[in-house]
Amino acid sequence: MKCRINLFTLGLLFSLISQQTAWALPADREKPIHAKSDSANAEKDGVRILTGNVVITQGTIKISGHKVTIYTDKQGNINKVIALGSPAHYEEKPEPNKELIRAYGKQINYMIPQEKVEIIVNAKLFQEGNKFTGKRIDYNMKTQTVNAKGDSSKAGGKQRVEMILQPTKTK
């Protein structure tokens, strides 16, 4: 395994991520970010590329894939994280009393300022026992809402959205 990034650059990467996270639980923002990968590159334009079995965690947030690219603006604030994988994976705990939200897809875009996650191609999202599948799923972290889309260009017909919804629990 080759590591093409020095410890100073890796430390800078983690401090940039921690400055701009609007993660799930409030306590997550105060937790350190951990990143593991086979290799990493930090480019001058604010792009950080991690490849090979990438796992990034901060508190209850976990993003993984074979390649994760982190984008920052001119001020050094992280505004987008893109994970690619077969599948890429995203999870978060939205509130202390709620279950983990898990998402899988070929590409996962985490849009930090908008507090949105886009799951693209073979998208799956699991939320409180419910399951959503489709070509694309958009998840709003703030409102915890899901918007799923199918694919009408599929050969032999249309890939439809599928939902499995659990009955409301009565007390």
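Biologist: How do the residues lining the largest pocket divide into nonpolar, polar and charged?
Modeller: This is a predicted model, and its largest pocket is lined by Glu99, Glu128, Gly129, Asn130, Gln166, Pro167, Thr168 and Lys169. Glycine counts as polar here and proline as nonpolar. The lining therefore divides into one nonpolar, four polar and three charged residues.

Biologist: How much space lies in the largest pocket?
Modeller: Rolling a probe the size of a water molecule over the atoms shows where empty space is left. For the pocket whose lining includes Glu99 and Lys169, the space comes to about 180 Å³.

Biologist: In what order do the elements of the chain run from the N terminus on?
Modeller: The chain has one helix and ten strands. The helix stands at the N-terminal end of the order, which reads α-β-β-β-β-β-β-β-β-β-β.

Biologist: Which element gives the largest share of the largest nonpolar core?
Modeller: This core has 27 residues, and Val81, Tyr90, Val117, Ile119 and Leu125 have the most contacts inside it. Two or more residues come from each of strand 3 (47–58), strand 4 (61–72), strand 5 (78–92), strand 6 (101–111), strand 7 (116–127) and strand 8 (130–140). The largest share is five residues, and it comes from strand 5.

Biologist: Which residues does Val117 touch, not counting residues up to four places away in sequence?
Modeller: Val117 is among the residues with the most contacts inside the largest nonpolar core. Beyond four places in sequence, the residues it touches are Tyr90, Ile108, Asn109, Tyr110, Ile137, Asp138, Tyr139 and Met141.

Biologist: Which peptide bond is cis, with omega near 0 degrees?
Modeller: Most residues other than glycine have a negative phi, and most peptide bonds are trans. A cis bond leads into Pro87, a residue that lies in strand 5. The bond in question runs from Ser86 to Pro87.

Biologist: Where is Glu115, which has a positive phi although it is not a glycine?
Modeller: The phi of Glu115 is about 55 degrees. Glu115 is also one of the contacts of Asn140, a residue more than four places away in sequence. Its place is the loop between strand 6 and strand 7.

Biologist: Does Val121 count as buried, partly exposed or exposed, and at what relative accessibility?
Modeller: Val121 lies in strand 7 and has a positive phi of about 70 degrees. Buried requires under 20% and exposed over 50%. Val121 falls in between, so it counts as partly exposed, at 32%.

Biologist: Which residues are in contact with Lys98, leaving aside its neighbours within four places in sequence?
Modeller: Lys98 lies in the loop between strand 5 and strand 6 and is partly exposed at 25% relative accessibility. Its C-alpha atom is separated by 9.1 Å from that of Gln127, 29 residues apart along the chain. The contacts are Lys93, Glu128 and Gln144.

Biologist: Is Asn140 buried or exposed, and what is its relative accessible area?
Modeller: Asn140 lies in strand 8, with contacts to Glu115, Lys116 and Thr145 once neighbours within four places in sequence are left aside. Its C-alpha atom is 9.8 Å from that of Met111, 29 residues apart in sequence. Because the limit for buried is under 20%, Asn140 counts as buried, with a relative accessible area of 19%.

How values were computed:
Residues are numbered from 1 along each chain as its sequence is written. This is a predicted model: local features need pLDDT of at least 70, side-chain atom pairs count only at pLDDT 80 or more; totals for chains, interfaces and linings use all residues. Side-chain values use heavy atoms; hydrogens and water are left out. On a 1 Å grid over the protein atoms alone, a cavity is a set of points where a 1.4 Å probe fits but cannot get out, and a pocket is an open set with protein on both sides within 12 Å along at least five of seven lines; lining residues have an atom within 4 Å of a point. Grid points are joined across faces, edges and corners, and a volume is the space filled by probe spheres set on the points. Helices (H or I, at least four residues) and strands (E, at least two) are DSSP runs, numbered from the N terminus. A nonpolar core is a set of buried Ala, Val, Leu, Ile, Met, Phe, Trp, Tyr and Cys residues joined through side-chain atoms within 4.5 Å. Buried means under 20% relative accessible area, exposed over 50%, partly exposed in between (1.4 Å probe, protein chains only). Contact means heavy atoms within 4.5 Å.
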